[in-house]
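Colleague: I would like a close look at a single part of this model, with the surroundings described as far as they help to place that part.

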There are 2 protein chains.
Amino acid sequence: MATIKDVAKLAGVAVSTASYALNNSSKISPGTKRKVIDAAVQLNYQKNGLARDLKLNKTQTIGLILSDLSGPFYSELIKGVQEVTLSNEYDLIACSSLGGYSSTAVKFLKEKRVDGVIVLAANIDDLIIMESVREDFPIVVLDRELTANSIINVSVDNIHGGYLAAKHLLDAGHQDILFVGGPPNSRDNQLRYQGFLNALTEREIHYTPKWNLEGKFTREGGYYTAKMIMMQGKLPSAIFCANDEMAIGAVQAFQESGLQVPFDISVVGFDDIEIVQYMNPPLTTVKQPKYEMGSLAAHLIFQALNGDIPTREYVLPTELIVRNSTISK
Amino acid sequence: MATIKDVAKLAGVAVSTASYALNNSSKISPGTKRKVIDAAVQLNYQKNGLARDLKLNKTQTIGLILSDLSGPFYSELIKGVQEVTLSNEYDLIACSSLGGYSSTAVKFLKEKRVDGVIVLAANIDDLIIMESVREDFPIVVLDRELTANSIINVSVDNIHGGYLAAKHLLDAGHQDILFVGGPPNSRDNQLRYQGFLNALTEREIHYTPKWNLEGKFTREGGYYTAKMIMMQGKLPSAIFCANDEMAIGAVQAFQESGLQVPFDISVVGFDDIEIVQYMNPPLTTVKQPKYEMGSLAAHLIFQALNGDIPTREYVLPTELIVRNSTISK
DNA sequence: AGGGATTATTGAAACGTTTCAACCACAATC
DNA sequence: GATTGTGGTTGAAACGTTTCAATAATCCCT
């Protein structure tokens with residue numbers, strides 16, 4: 001591997017000259033510049049980015065940590081992050097938090113491999129993030145509550161979202177509504193449930209869940225919960241699933257049992273992930289402003305990088321998207 | 001930022017000792033090891049990964065280059081790559097080829113920031129890849145044909161896939177089949193078309209496309225092409241879209257015009273991306289072994305990294321998945 | 001008590017850059 | 001002809017690690 005030393009030697013100049021020349025510094029005369037560049041191409045020289053970053057103490061890249069690179073992760077959100085990053089002439093790399101303490105994510109959080117980081121990964125521990133705070137290293141965490149000097153929180157109004165979902169069903173005349181929850185320790189889940197309850201109490205309906213409906217935030221979770229519901233005899237007239245994936249699973253379970261959504265049971269989800277508009281029936285759901293979250297997160301990173309200290313907390317609105325999986329009673 | 005020097009000083013040892021201690025070398029006595037570690041936690045020391053990588057000339061990470069981090073990129077494929085990478089105790093980072101010559105992708109290809117790279121990005125030029133070949137730097141390119149010392153090709157049997165799609169329609173009695181192509185300079189597109197033609201000629205059907213049906217590999221592409229088809233008067237009895245995204249757009253266009261898929265027209269796609277099974281109707285398509293592609297690609301990287309020179313070319317099989325968007329005539 | 005063998009510790013070089021401060025040659029100014 | 005200036009070039013230090021080779025400390029045998 002040719003280094004800049006080799007280039008300098010071949011061009012017959014000092015290594016500092018070679019460096020200036022390759023970075024197109026105005027100090028260098030056109031003649032030597034040409035010599036150096038010729039030498040570089042002749043040796044097929046490629047700069048070592050690690051050395052450069054180390055010296056400059058700056059990587060010009062920001063990291064995006066996702067719970068799983070392959071998951072149905074919010075592609076809209078990534079787009080938001082990416083566009084802002086690109087327009088600031090930074091690089092963006094995505095890595096996964098899979099693997100716990102020895103995951104790539106931790107490596108990037110701690111080892112100064114990026115200039116700032118956006119964390120969207122519920123499976124990465126708050127503790128790890130707190131351990132990674134250091135001066136001048138902005139961290140934007142999505143969907144969690146964490147306070148430290150350089151940490152910025154961006155989240156979505158889950159409570160209002162849950163409220164909207166429930167209100168929609170109530171307005172449509174449903175009385176017997178069931179909340180199909182995700183993991184009980186998930187903050188998202190709790191807040192959505194909270195909003196759901198708020199809507200019910202507003203109508204003075206007392207919600208008494210007869211059994212514990214909570215599963216994973218996955219298709220299987222929704223599927224099995226729906227099976228459970230059907231086994232309990234009396235069907236509710238509507239369910240509100242804590243996320244879209246669960247709703248997909250639930251709808252599938254109902255349909256497999258010959259039930260018609262929305263005629264036999266209305267279903268509303270949460271997230272508005274891309275595929276739910278292609279379902280049969282298309283899913284009524286609560287939309288998160290995913291693109292906006294992403295671009296906001298990235299903007300905040302750059303603001304912090306530029307020395308402005310942005311506000312530490314942002315909550316973005318949610319919106320009800322009515323499709324055909326719900327019907328008036 | 002505390003460096004190892006600070007740790008050494010605080011612990012009262014030489015920096016080499018500190019380094020050995022932090023890396024848990026057996027040379028160091030338990031006593032000093034403890035001292036060093038205490039000092040490290042007290043200073044909240046975090047190692048600088050760049051410095052380490054530079055010194056070791058090894059990053060222990062492999063890069064995955066995608067055409068667009070946010071796209072509906074093959075999440076199955078990524079999963080394959082990720083699992084293999086993780087089990088080899090390497091890190092995986094994904095980056096986008098958006099931005100052409102100054103994209104993050106190029107940075108990672110050229111600047112020695114990763115130990116190997118997998119390229120799945122049609123929009124990155126062959127030339128760039130060729131410029132990045134260097135000894136001991138394995139590059140796996142997916143879905144393109146490129147020969148150089150350290151380049152390995154992995155692709156899918158597009159020809160046979162196209163053949164399968166066409167044969168399925170022919171077997172179902174369709175005579176008037178239209179090929180809805182993607183970008184004409186796309187190799188995937190060409191090969192799928194080739195397979196399509198092979199099936200027709202096998203039945204001695206001469207395919208004379210009355211107009212040029214080619215668009216982008218996107219939903220819009222399929223949508224507008226379908227509109228075009230409908231404007232031409234006589235509807236074919238089936239179409240074969242060069243990828244699923246286009247098929248989705250086409251189905252949508254047909255349905256908007258009141259046509260029934262598959263009763264008025266059969267549609268088959270290519271790729272078997274996740275959402276097509278949730279469409280209404282679920283799409284008949286040709287499945288690519290995405291997971292296998294990913295894990296194969298990663299395996300090959302590690303093989304090369306271990307000094308074995310693997311075969312330079314791999315072609316994976318495709319498979320027809322019959323769903324409800326096609327019907328017998 | 002002396003000498004070899006073992007174990008712990010350390011100084012210094014190296015990885016490949018960038019950049020400061022010094023230097024040089026030469027022209028311009030008074 | 002001495003000073004000042006200028007544009008071009010360079011040596012050396014620095015970034016934060018790891019690791020070799022050398023030294024220092026400890027131990028065990030006779």
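How many nonpolar, polar and charged residues does the surface near DNA strand D have?

Modeller: The model is a predicted one, and in it the surface near DNA strand D has eleven nonpolar, ten polar and five charged residues. Of the 26 residues around the strand, A:T17, A:T32, B:I4, B:S19 and B:Y45 come nearest, and of the atoms of DNA strand D that come within 4 Å of the protein, sugar and phosphate account for 59%. Both protein chains contribute to this surface through helices, since at least two residues each are supplied by α2 (15-22) and α4 (49-56) of chain A and by α2 (15-22) and α4 (49-56) of chain B.

Individual atom pairs show how backbone and bases of the strand are approached. A phosphate oxygen of DNA strand D lies 3.0 Å from a backbone N or O atom of A:A14, and a phosphate oxygen of the strand is also found 3.3 Å from an N or O atom in the side chain of B:N23. A base is reached as well, for an N or O atom in the side chain of A:S16 is 3.3 Å from a base nitrogen of DNA strand D.

The other strand can be set beside this one. DNA strand C is surrounded by 27 residues, the closest being A:I4, A:S19, A:Y45, B:T17 and B:T32, and the residues of the surface near it divide into eleven nonpolar, eleven polar and five charged. Sugar or phosphate makes up 59% of the atoms of DNA strand C within 4 Å of the protein, while the rest belong to bases. On the side of chain A, a polar side-chain atom of A:Y20 lies 3.1 Å from a base nitrogen of DNA strand C, and a polar side-chain atom of A:K55 lies 3.3 Å from a base oxygen of that strand. On the side of chain B, an N or O atom in the side chain of B:K55 is 3.1 Å from a base nitrogen of DNA strand C. The elements that give two or more residues to the surface near DNA strand C are α2 and α4 of chain A together with α2 and α4 of chain B.

The relation between the two protein chains belongs to this picture. A turn of 180 degrees, with a shift of 0.0 Å along the axis, lays chain A on chain B with an RMSD of 0.2 Å, which is the relation of a two-fold axis. The residue of chain A that comes closest to the rotation axis is A:A94, whose C-alpha is 2.4 Å from it. Because 100% of the interface residues of chain A are also interface residues in chain B, the copies meet through the same surface.

Between the chains, A:K107 deserves some attention. A:K107 has its place in helix α6 (residues 104-110) of chain A and counts as buried at 13% relative accessibility. Its side chain makes a polar contact of 2.5 Å with the side chain of B:D91, and, leaving aside neighbours within four places in sequence, A:K107 is in contact with A:R113, B:T59, B:Q60, B:T61 and B:D91. A network of salt bridges also links A:D53, B:E111 and B:R113.

Salt bridges within a chain complete the account, and a search of the whole structure finds 34 salt bridges over all chains. In chain A, the side chains of A:K167 and A:D171 meet in one of them, at 3.1 Å from N to O; the two residues are separated by about one helical turn because they are four residues apart in helix α8 (residues 158-171). A:K167 is partly exposed, with a relative accessible area of 29%, and A:D171 likewise counts as partly exposed, at 46%.

A:R192 forms a salt bridge with A:D271, with the closest N and O atoms 3.6 Å apart. This pair links distant parts of the chain, 79 residues apart, with A:R192 in helix α9 (residues 187-202) and A:D271 in the loop between β8 (266-268) and β9 (285-287) of chain A. A:R192 is buried at a relative accessible area of 2%, and A:D271 counts as buried at 5%.

Notes:
Residues are numbered from 1 along each chain as its sequence is written. Chains are lettered from A and ligands numbered from 1 in the order in which they are written. This is a predicted model: local features need pLDDT of at least 70, side-chain atom pairs count only at pLDDT 80 or more; totals for chains, interfaces and linings use all residues. Side-chain values use heavy atoms; hydrogens and water are left out. A salt bridge is a side-chain nitrogen of Lys or Arg within 4 Å of a carboxyl oxygen of Asp or Glu. Buried means under 20% relative accessible area, exposed over 50%, partly exposed in between (1.4 Å probe, protein chains only). A residue is near a molecule or strand if one of its heavy atoms lies within 4 Å of it. A polar contact is a pair of N or O atoms within 3.5 Å; within protein, one must be able to donate a hydrogen and the other to accept it, and residues adjacent in sequence count only if both atoms are side-chain atoms. Ala, Val, Leu, Ile, Met, Phe, Trp, Tyr, Cys and Pro count as nonpolar, Asp, Glu, Lys and Arg as charged, and the others, Gly among them, as polar. Contact means heavy atoms within 4.5 Å. Copies are superposed by least squares on the C-alpha atoms of residues with pLDDT of at least 70 in both.
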